[in-house]
Amino acid sequence: MASIREATHDDLPYLVELNKICFPAMAEENVVWTIPQLSNHLRLFPQGQLVAEEDGKILGAVSSLIVDLGADAYRQHTYAGITDGGFFHNHNPEGDSLYGADVYVHPEARGKGIGHLLYQARRDLCKRLNLRRIIAGGRIHGFADHKDKLTPDAYIREVENGAIKDLVLSFQLREGFIVRGVLKNYIQDPKSLNHATFLEWLNPDYQPVEKDDRKVRVSCVQYQVRGINSFNAFAEQVEYFVETASDYRSDFVVFPEFFSVQLLSQKPLRQLPSVEGIRKLSEMTKPFMELMSRLAQDYGLHIVAGSHPMEIDGTLQNVCPIFFPDGSNTLQPKLHITPSEKRYWGISGGNDLRVISTPKARVGVLICYDSEFPEAARHLADQGAEIIFVPYCTDDRHGFLRVRYCSQARAIENQVYVVTAGIIGNLPNVPAMDIHYGRAAVFSPSDFEFARDGIQAEADSNVEMLLVTDLDINDLYRSRAAGSVTPRLDRRNDLFQFSTSLKSDRSSRSLDDRPPMDLPI
């Protein structure tokens, strides 16, 4: 049975070839994806780039971006214009509409429900991000065969009435889309004579968001590790904090790095050598993920689930899962690994860093040591992050202060909020996890819009508690545009250049130098 997942950089060569197979006529017109374009899609909006896979083979895919068409919600536009020449540079996380840029299914897999799965995944994404609608320009696939007798509008009416079956439009109508108009000179396509339908699907669960009041409530768990006898005891302690955060109507609840290591204090697992212990813990990934997914759904909030060791690409990595209220998740690995993590546990660093779009804010995660490297935070800020979460695990005050001071610096230099949460307590029977020092805090830029000392909220040291505070996202933008200082605007790009080699960012640094799709503007 086919399943849906986010596309990866490794998928891109196959997706290019699949696009050509699905649209041979458009391939002749040079209206097909290139690897640089698809790379940019992943960099800007990874959640919107989905593939359908069965037995390891990709059978279909969709590409999407978020747009805002302004006061004229059904205005005329072209494919090249709405997709910025196929590169999605105009992806707008503040927009209200998910734009379906492409959907394609291998000819041999058509009729097997793959298209329906992809459309359903897109609807689920629209609901998850609380977007008002899905819109698209749909090629009028069979119009050229009727051009002598029917206008585009008349052809569409015949398809809607069932008198004509159109390979594309008939399917889209079955999927719940409504035709709002005809787009002229939309794309170079001989089958539709460059015409397209303006399609719309309205999200029945959409909740209007007041753009002038963008408040986000976060809860930081100052989590005390203590000996437990079962997974259920761990689950009860975790659920208590999630439930409490929900009672305070929090949008996000943040757990510390490695808080799941508490599971190694169970009697059968105590005193295991550190490498064997961390491997045992990675084997508990499934129940850990199932617990967090259930809690996110039951309590209707986002969970930044600290970190947990996971096997990825044949290596053991320290990974932070971020769970959405619908139970789905995305993973952020730790990039920079401390000497002790390497020495005691054999952990390797990940190679990807992404901004995650949510209905409340665009967020990123830097796990503990990652916060001490300004390049990582700069990358997230440049990609649109408004809040950076820093789950950490430090054994003494020196380690804690390194994370604290660096997190506050990241907030000031990038004009973002940085939300931190750390472990406290002791696990004397678990090697490399015996003592901890922590003090959860939320840091802001240092300017008039924010708290006097740049500390939005702060917990007491080494006391188990939940730190709850509200963040005003609009304050960030006011500060960035007209603050006492404007570090995001005043960077000397003529002196200092910033580049990345992240897995999701390959081939994207010189995209603007490459030719766009050969499309009408």
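Which residue in β7 is the bridge partner of Leu 183? The bridge partner is Ala 196. The model is predicted: local features need pLDDT of at least 70, side-chain atom pairs count only at pLDDT 80 or more, and totals for chains, interfaces and linings use all residues. Residues are numbered from 1 along each chain as its sequence is written, and side-chain values use heavy atoms, with hydrogens and water left out.

**The sheet**

β6 and strand β7 (residues 196-202) run antiparallel and are joined by five bridges. Two strands are said to pair if DSSP finds at least two bridges between them. Helices (H or I, at least four residues) and strands (E, at least two) are DSSP runs, numbered from the N terminus. β6 and β7 belong to an open sheet of seven strands with mixed pairing, in the order β1-β2-β3-β4-β5-β7-β6. β1 (3-6) and β6 (178-183) each have a single partner strand, so one side of each is left without a neighbour in the sheet. On average, neighbouring strands of this sheet are turned by 30° against each other, direction ignored.

**Helices and their directions**

Axes are lines fitted to C-alpha atoms, for helices over the stretch in contact, and angles run from 0 to 180 degrees between N-to-C directions. Contact means heavy atoms within 4.5 Å.

| Helix | Set against | Angle |
|---|---|---|
| α1 (residues 12-22) | α3 (residues 35-44) | roughly 120° |
| α1 | β3 (57-67) | about 95° |
| α5 (residues 114-128) | β4 | about 165° |

α1 lies across β2 (50-54), β3 and β4 (97-105). Helix α5 packs on the sheet and touches β1, β2, β3, β4, β5 (133-139) and β7.

The axes of α1 and α3 come within 9 Å. The two helices are therefore oblique to each other; angles under 35 degrees count as roughly parallel, over 145 as roughly antiparallel, 65 to 115 as roughly perpendicular and the rest as oblique. Leu 12, Pro 13, Leu 15 and Val 16 of α1 meet Ile 35, Leu 38, Ser 39 and Leu 42 of α3 in this contact.

**Helix α6**

In helix α6 (residues 152-161), Pro 152, Ala 154, Tyr 155, Ile 156 and Val 159 are buried, that is, under 20% relative accessible area with a 1.4 Å probe, protein chains only. The buried residues of α6 pack against α7 (169-174), β6 and β7. Gly 162, just after α6, takes a positive phi of about 90°.

**A hairpin**

Strands β11 (residues 308-312) and β12 (residues 315-323) pair in the antiparallel sense over five bridges. Met 310 stands opposite Gln 317 in β12. The hairpin has two residues between its strands, and Asp 313 takes a positive phi near 55° there.

Note on methods: Buried means under 20% relative accessible area, exposed over 50%, partly exposed in between (1.4 Å probe, protein chains only).
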